[in-house]
Amino acid sequence: QVQLVESGGGLVQPGGSLRLSCAASGSVFRLGWYRQAPGKERELVATITNGGSTNYADSVKGRFTISRDNAKNTVYLQMNSLKPEDTAVYYCNAFNTRHSWGQGTQVTVSS
């Protein structure tokens, strides 16, 4: 199973930016980010394959950008124009033949 270590969460004002990082312990076919807000189910934010194909939730298109460095087995999520509704715990996800999850990092968007 792939081990994942996330970093980069925090508190930011509406309209601000944050960058999340997630380092995997080995090569991964598809890396991604999911989020879970209080009282809600975990939902997809964005994914990227090792070939660079990306997928985004409609709610973040145009504001978030997912990227990866295959040499470092690391995925990034650049989040711009953040809104209060983006507040959630963000989880890194790795998929080869099975899913692996990071421990989660809190993102809070508030004035």
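Here are a few notes on the core, one sheet and two residues of this predicted model.

1. Start with the core. The largest nonpolar one has 29 residues. Trp33, Leu77, Met79 and Tyr90 are the ones with the most contacts inside it. Seen by element, two or more residues each come from β3 (18-24), β4 (30-36), β5 (43-49), β7 (64-69), β8 (74-79), β9 (88-95) and β11 (105-109).

2. Now the sheet. It is an open one with 4 strands, and reading across gives β1-β3-β8-β7, with antiparallel pairing. The edges belong to β1 (4-7) and β7; each has a single partner strand, so one side of each has no neighbour in the sheet. On average, neighbouring strands here are turned by 15° against each other, direction ignored.

3. Have a look at the β3 and β8 pair inside that sheet. These two strands run antiparallel and share 6 bridges. Leucine 18 sits opposite methionine 79 of β8.

4. Met79 deserves its own point, being among the core residues with the most contacts. What does methionine 79 touch, leaving out residues up to four places away in sequence? The list is Gly16, Ser17, Leu18, Leu20, Arg63, Phe64, Tyr90 and Val107. Tyr90 on that list is another of the residues with the most contacts inside the core.

5. Last, threonine 49, which lies in strand β5. Is threonine 49 buried or exposed? Its relative accessible area is 15%, and the cut-off for buried is under 20%, so it counts as buried. Neighbours within four places in sequence aside, threonine 49 is in contact with Phe29, Arg30 and Arg68.

Methods:
Residues are numbered from 1 along each chain as its sequence is written. This is a predicted model: local features need pLDDT of at least 70, side-chain atom pairs count only at pLDDT 80 or more; totals for chains, interfaces and linings use all residues. Side-chain values use heavy atoms; hydrogens and water are left out. A nonpolar core is a set of buried Ala, Val, Leu, Ile, Met, Phe, Trp, Tyr and Cys residues joined through side-chain atoms within 4.5 Å. Buried means under 20% relative accessible area, exposed over 50%, partly exposed in between (1.4 Å probe, protein chains only). Contact means heavy atoms within 4.5 Å. Two strands pair if DSSP finds at least two bridges between them. Axes are lines fitted to C-alpha atoms, for helices over the stretch in contact, and angles run from 0 to 180 degrees between N-to-C directions.
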